[in-house]
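Work through the exercises below with the sequence and coordinates open. Each task is followed by a solution in steps.

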Amino acid sequence: MVLQWYPGHMNKAKNQVQDRLKLVDIVLEIVDARLPFSSRNPVLEQIIDQKKHIIILNKSDLADPKVTADWKLNFEQEGTKSIELDAKHNKGLGKIKTLIRSELSEKIERYERNGVKNYQIKAMCIGIPNVGKSTILNRLVGKNVAVTGNKPGVTKNQNWLKTNIGIDLLDTPGILWPKIDDPKVGMKLALSGAIKDKIYEPDDVAIYALNFMETHYMDQLQETYKLDKSDIFNHTTPELLMTLSQKFGYNDDYDRAARRIIDDIRKLKLGRVTFDVPGEFYEE
Ligand code: G4P
């Protein structure tokens, strides 16, 4: 595995989050709705558990809505509220304010009981790269803001942003790398585009994806690529990749076929797909 969450990175990110926790009332943890498990960072989860926090399932326009509903239920059962969002098309942002206010209702009532008028709710967004933090921040702030946390090696001051939903947002801390102990998590992150394509072999990612589609989204797979049952049954997934390569007219350029499949998935040609299934992460 080329990409590693080095202990140094981990500690730095952990400390940055921990330092800022005391400055905010609530943490908005942003995940990719296609990967509500794989795009979370378990190390950060432990820290933010000390604080009120909500999960934002962003890119919900790309995810399977049925599975998104299952994930929301799953998080709720674990005691964490979540909402789905499509920041790219500006859908669902109003729900963030409602949920924050409901999560902080005791505090808000206390302020109001004590006649505190200009209280300001303070929040911090965290999430691994590519889950859509900048897009969300830009929507909430109403203009383009550079998310300092996305740039490696930049020393930065804490930066408060005024939002149009009446909360002050602390700029996201340094780069919060994903944690990849399980190679499947790496495959899924590569498939979503969160990990640079150079790091993984496209055929590994495509075979992983085809295998997942065969198990969970067989109809979508068959329809999109006009596959017969005989193309799928009694064949291994690498054989299916070869069949598809022939169908695409790429002959034995399996790398090209693999890249096409990955691209098709990212562009929704195979429909909305969620690659993390609640309770099944280790079985696919
Ligand atoms: P980051 O700060 O967490 O690293 O993520 P960023 O906002 O830069 O978003 C990463 C990519 O994800 C961007 O695409 C962005 O447009 C896209 N994105 C963000 N939110 C959503 C969403 O809710 N739905 C969808 N479908 N996409 C979303 P990009 O390819 O880098 O740029 P572009 O396509 O916008 O030009």
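The exercises concern a predicted model and cover cavities, strand pairing, backbone angles and aromatic rings.

**Exercise 1. Describe the largest cavity by volume, lining and residue class.**

Step 1. The count of cavities of 30 Å³ or more comes to 4. The largest cavity has a volume of about 100 Å³.

Step 2. Its lining consists of 13 residues, and R34, I265, R266, V273 and F275 lie nearest the centre.

Step 3. Two elements, α7 (183–192) and α12 (254–266), give two or more residues to this lining. The most comes from α7, with 3 residues.

Step 4. Sorted by class, the lining of the largest cavity holds 8 nonpolar, 2 polar and 3 charged residues.

**Exercise 2. Do the analysis for the second largest cavity, and find which strand gives the most to its lining.**

Step 1. The volume of the second largest cavity is about 40 Å³.

Step 2. The lining is made by E29, I30, V31, S39, R40, N41, L44, I126, G127 and I128.

Step 3. Strand β1 (residues 26–32) gives the most to this lining, with 3 residues.

Step 4. The classes here are 5 nonpolar, 3 polar and 2 charged residues.

**Exercise 3. Trace how β2 pairs with β1 and with β3, and give the handedness of the connections.**

Step 1. Strand β2 (residues 52–58) is mostly covered, with 6 of its 7 residues buried.

Step 2. On one pairing, β1 and β2 run in the parallel sense over 7 bridges. I26 stands opposite K52 in β2.

Step 3. Helix α2 (residues 42–48) joins β1 and β2 in a right-handed β-α-β unit.

Step 4. β2 also pairs with strand β3 (residues 82–84), in the parallel sense over 3 bridges. Here I55 stands opposite S82 in β3.

Step 5. With helix α3 (residues 65–77), β2 and β3 make a right-handed β-α-β unit.

**Exercise 4. K59 and N130 each have a positive phi. Where does each residue lie, and is each one buried or partly exposed?**

Step 1. As background, most residues other than glycine have a negative phi.

Step 2. K59 is not a glycine, yet its phi is positive, about 60°. K59 sits in the loop between β2 and α3. The relative accessibility of K59 is 18%, so K59 counts as buried, the cut-off being under 20%.

Step 3. N130, also not a glycine, has a positive phi of about 80°. The loop between β4 (121–126) and α6 (133–141) contains N130. With a relative accessible area of 40%, N130 is partly exposed.

**Exercise 5. Classify the ring pairs Y111 with Y119 and F212 with F275.**

Step 1. The structure holds 6 aromatic pairs. Y111 and Y119 form one that has 4.7 Å centre to centre and 15° between the planes, and is stacked; planes under 30 degrees apart count as stacked.

Step 2. Y111 is partly exposed at 25% relative accessible area, whereas Y119 counts as buried at 16%.

Step 3. The ring centres of F212 and F275 are 4.8 Å apart and the planes stand at 45°, so this pair is tilted. The pair links distant parts of the chain, 63 residues apart: F212 is in helix α8 (residues 202–216) and F275 in the segment after α12.

Step 4. F212 is buried, with a relative accessible area of 2%, and F275 is buried, with 4%.

Step 5. Ring pairs link F212, Y217 and F275 into a cluster. F275 is also among the residues nearest the centre of the largest cavity.

How values were computed:
Residues are numbered from 1 along each chain as its sequence is written. This is a predicted model: local features need pLDDT of at least 70, side-chain atom pairs count only at pLDDT 80 or more; totals for chains, interfaces and linings use all residues. Side-chain values use heavy atoms; hydrogens and water are left out. On a 1 Å grid over the protein atoms alone, a cavity is a set of points where a 1.4 Å probe fits but cannot get out, and a pocket is an open set with protein on both sides within 12 Å along at least five of seven lines; lining residues have an atom within 4 Å of a point. Grid points are joined across faces, edges and corners, and a volume is the space filled by probe spheres set on the points. Helices (H or I, at least four residues) and strands (E, at least two) are DSSP runs, numbered from the N terminus. Ala, Val, Leu, Ile, Met, Phe, Trp, Tyr, Cys and Pro count as nonpolar, Asp, Glu, Lys and Arg as charged, and the others, Gly among them, as polar. Buried means under 20% relative accessible area, exposed over 50%, partly exposed in between (1.4 Å probe, protein chains only). Two strands pair if DSSP finds at least two bridges between them. A crossover is right-handed if, with the strands pointing away from the viewer, the path from the first strand over the helix to the second runs clockwise. Rings of Phe, Tyr and Trp (its six-membered ring) pair if their centres lie within 6.5 Å; planes under 30 degrees apart count as stacked, over 60 as edge-to-face and the rest as tilted.
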